[in-house]
Structures are given as C-alpha cells and as structure tokens.
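Colleague: Could you take a close look at one part of this model for me, and then follow it out into the rest of the chain? I would like to know what surrounds it and how it fits into the whole.

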Amino acid sequence: MEETKGEQINSPFKKDLILREELAIQRTFLANQSTFLSFLRSSMYFLVAGLSVNKLVDGNEAVIFEYILFVISGLLLVVGIINYFRNHKKIKQSEIHIGDYKLKYEKVE
C-alpha cells in the first residue's frame, strides 16, 4: 500500500526513529559542550604554565616564553568559543528538520 502525502502514519517504528533523532541531537549538544570544556581546560593549562614559568626561570627568555604561553592560552579560548557557537548554530538548524517529520508521523489532535 502506498501512503499519500496527507495521510497520517501511526507506526511505533516511525515514532522510535523520531525519538532516536531527538536523542542523537541531545548527544550532539553534550558533545559540543564537552569539546568547549576541553578547549577551556587546555587554555587554563597554558595560562597556569605561563604564570609558573616566571617563578621557575629567571631572565628575559622566561618573560618571552611566558607571553607566548599567554597568547596560546587566549587563542585556545577564542577558538573554543567560536567553535562552540558555530557548532551550536548548526545543531539548532538540524533540529528543525526533526519537527518537520514529526507532523508526518504523529496524529494531530
């Protein structure tokens, strides 16, 4: 049997597919947050390394190395923030497609 465009589909199998898609979106959100926290953690490691270099080594080379570590820390933080919001926007856009299919598979009351 062929289904017409306006016909409602009330199959548990199809509803499971929608649920799987929603859960996949939620996992993707969590993965995006985890990636951002990894960038933040790495940035903080470089910041702490930059702060401790000055205490461990004396001289002008230590100050230069300290500033290099500060710059790397800042760049990691900025890249992490940009990456997070770019991926967040893509995830939100892909979430819209699930809602389109929901109307087709669920009975509208």
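**A buried acid and its surroundings**

Modeller: Gladly! Glu66 has its place in helix α2, where helices are DSSP runs of H or I with at least four residues, strands are runs of E with at least two, and both are numbered from the N terminus. Before we go on, a word on the source: this is a predicted model, so local features need pLDDT of at least 70 and side-chain atom pairs count only at pLDDT 80 or more, while totals for chains, interfaces and linings use all residues. Residues are numbered from 1 along each chain as its sequence is written, and side-chain values use heavy atoms, with hydrogens and water left out.

Now to the acid itself. Glu66 is buried yet has no salt bridge. Buried here means under 20% relative accessible area, exposed means over 50%, and partly exposed covers what lies in between, with a 1.4 Å probe and protein chains only. A salt bridge would need a side-chain nitrogen of Lys or Arg within 4 Å of a carboxyl oxygen of Asp or Glu. The nearest side chain of opposite charge is Lys55, 8.3 Å away; in this count Lys and Arg are positive, Asp and Glu negative, and His and the chain ends are left out. Leaving aside neighbours within four places in sequence, Glu66 is in contact (heavy atoms within 4.5 Å) with Gly50 and Asn54.

Helix α2 also has an outward side. Ile64, again in helix α2, counts as exposed because its relative accessible area is 53%. Together with Phe65, Ile68 and Ile72, Ile64 makes a nonpolar surface patch of about 350 Å². Patches take residues with over 30% relative accessible area and no salt bridge, joining like charges within 9 Å and nonpolar side chains (Val, Leu, Ile, Met, Phe, Trp, Tyr) within 5 Å. The areas come from the Shrake-Rupley method with a 1.4 Å probe, and for residues only the protein chains shown count as cover.

From here we can cross to helix α1. Leu47 is found there and is partly exposed at 38% relative accessible area. Not counting residues up to four places away in sequence, Leu47 touches Phe70 and Ser73. The C-alpha atoms of Leu47 and Gly74 are separated by 8.3 Å, with their positions 27 residues apart along the chain. Ser43, also in helix α1, is buried, with a relative accessible area of 5%. With the same neighbours in sequence set aside, Ser43 touches Ser73, Leu76 and Leu77.

Further along come the rings. The structure holds 3 aromatic pairs. One of them joins Phe36 and Tyr84, tilted at 50° between the planes and 5.5 Å centre to centre. This pair links distant parts of the chain, with Phe36 in helix α1 (residues 12-56) and Tyr84 in helix α2 (residues 60-105), 48 residues apart. Rings of Phe, Tyr and Trp (its six-membered ring) pair if their centres lie within 6.5 Å; planes under 30 degrees apart are stacked, over 60 edge-to-face and the rest tilted. Phe85 joins Phe36 and Tyr84 in one aromatic cluster. Tyr84 counts as buried because its relative accessibility is 18%, whereas Phe36, at 23%, is partly exposed. Besides Phe36, Tyr84 touches Asn32 and Gln33, not counting residues up to four places away in sequence.

And the whole? The protein chain has 2 helices and 0 strands. Buried residues make up 17% of its 109 residues. Among contacts with a separation of 6 or more, 82% join residues 24 or more positions apart. The accessible surface comes to about 8600 Å², and 63% of that belongs to carbon and sulfur atoms.
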